Amino acid sequence: MASLISKKRKFVADGVFFAELNEFLTRELGAEDGYAGVEVRVTPARTEIIIRATRTQNVLGEKGRRIRELTSVVQKRFNFPENTVELYAEKVNNRGLCAIAQAENLKFKLLNGLAVRRACYGVVRFIMESGAKGCEVVVSGKLRAARAKSMKFIDGFMIHSGQPVRDFIDYAVRHVLLRQGVLGIKVKIMLAQDPTGKAGPAKPLPDSVTIIEPKDEDTYVPPPIAAPVAVVEQEPVA
């Protein structure tokens, strides 16, 4: 029998579990395997953990060996009963619309010694060419001089408040350890509306107005009016 737990403690426990799982997978998979986030689905029978990645074959490993190892580690660490947790790998269709993948890409460029401005403009251009509605890249820290500063690169349309931020914005933060110090990277991508729900949210922005083309109306032709008939009065015959 499962132990009773208050709702408050349950939500806190779920949040801690997700945060620790995400941290573990970020360190274990990282940029080499194109790790792009995790999703946890709890069903009455078992818990399903879907790992989103750009290189799913690396996550699965040879004959599924690596995914079985990850399943075993997660099961032992979080005390799941036998055969109650299952790990799956899901391929990211468009890595240009994934904030985690682009943050890791920018981190890799900076570690290889590419200039900050050039690296950021390259990432912004790639994101916009992938079909994003807007993007924002912020790099802060000791960029060139001894004093730290922040550089922001923006393109397209970006929203900052309300429920649409949760629906339309993909956000990622990464840290880069360079010789002169630590740089912070923030990547925000605003997804465009997609009726299919694959490349973005299916529902539109709440303030978007769709103007529908008017229908072609048939021109009204009035019925012909009959000409008045002249009435000739005849004189009575005597």
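The side chains of arginine 174 and glutamate 104 meet in a salt bridge, 2.8 Å from N to O. (A salt bridge here is a side-chain nitrogen of Lys or Arg within 4 Å of a carboxyl oxygen of Asp or Glu.) Arginine 174 lies in strand 6 (residues 169–178) and glutamate 104 in helix 4 (residues 99–111), so the pair ties together parts 70 residues apart in sequence. Helices (H or I, at least four residues) and strands (E, at least two) are DSSP runs, numbered from the N terminus. Arginine 174 is buried, at 14% relative accessible area. Glutamate 104 also counts as buried, at 10%. Buried means under 20% relative accessible area, exposed over 50%, and partly exposed in between (1.4 Å probe, protein chains only).

This is a predicted model: local features need pLDDT of at least 70, side-chain atom pairs count only at pLDDT 80 or more, and totals for chains, interfaces and linings use all residues. Residues are numbered from 1 along each chain as its sequence is written, and side-chain values use heavy atoms, with hydrogens and water left out.

The whole structure holds 10 salt bridges. Three of them are listed here, among them the pair above.

| Salt bridge | N to O distance | Relative accessible area |
|---|---|---|
| Arginine 174, glutamate 104 | 2.8 Å | 14%, 10% |
| Lysine 203, aspartate 167 | 3.4 Å | 48%, 25% |
| Glutamate 86, arginine 46 | 3.9 Å | 32%, 30% |

The lysine 203 and aspartate 167 side chains form a salt bridge. This pair links distant parts of the chain: lysine 203 is in the segment after strand 7 (181–190), and aspartate 167 is in helix 6 (residues 163–168), 36 residues apart. Glutamate 86 pairs with arginine 46. Glutamate 86 sits in strand 3 and arginine 46 in the loop between strand 1 (35–42) and strand 2, so parts 40 residues apart in sequence are tied together.

Helix 3 (residues 65–77) has 13 residues and reaches 19 Å from first C-alpha to last, close to the 18 Å expected. That expectation is 1.5 Å times one less than the number of residues. Its buried residues are Ile67, Leu70, Thr71, Val74 and Gln75. They cover an arc of only 135° around the axis, which puts them on the same side of helix 3. They pack against helix 1 (7–28), strand 2 (47–53), helix 2 (56–60) and strand 3 (85–91). The face turned away from this buried side carries the exposed residues Arg65, Arg68 and Lys76. Just after helix 3, asparagine 79 takes a positive phi of about 55°.

Conventions: Arc of directions from axis to C-beta. Contact = heavy atoms within 4.5 Å.
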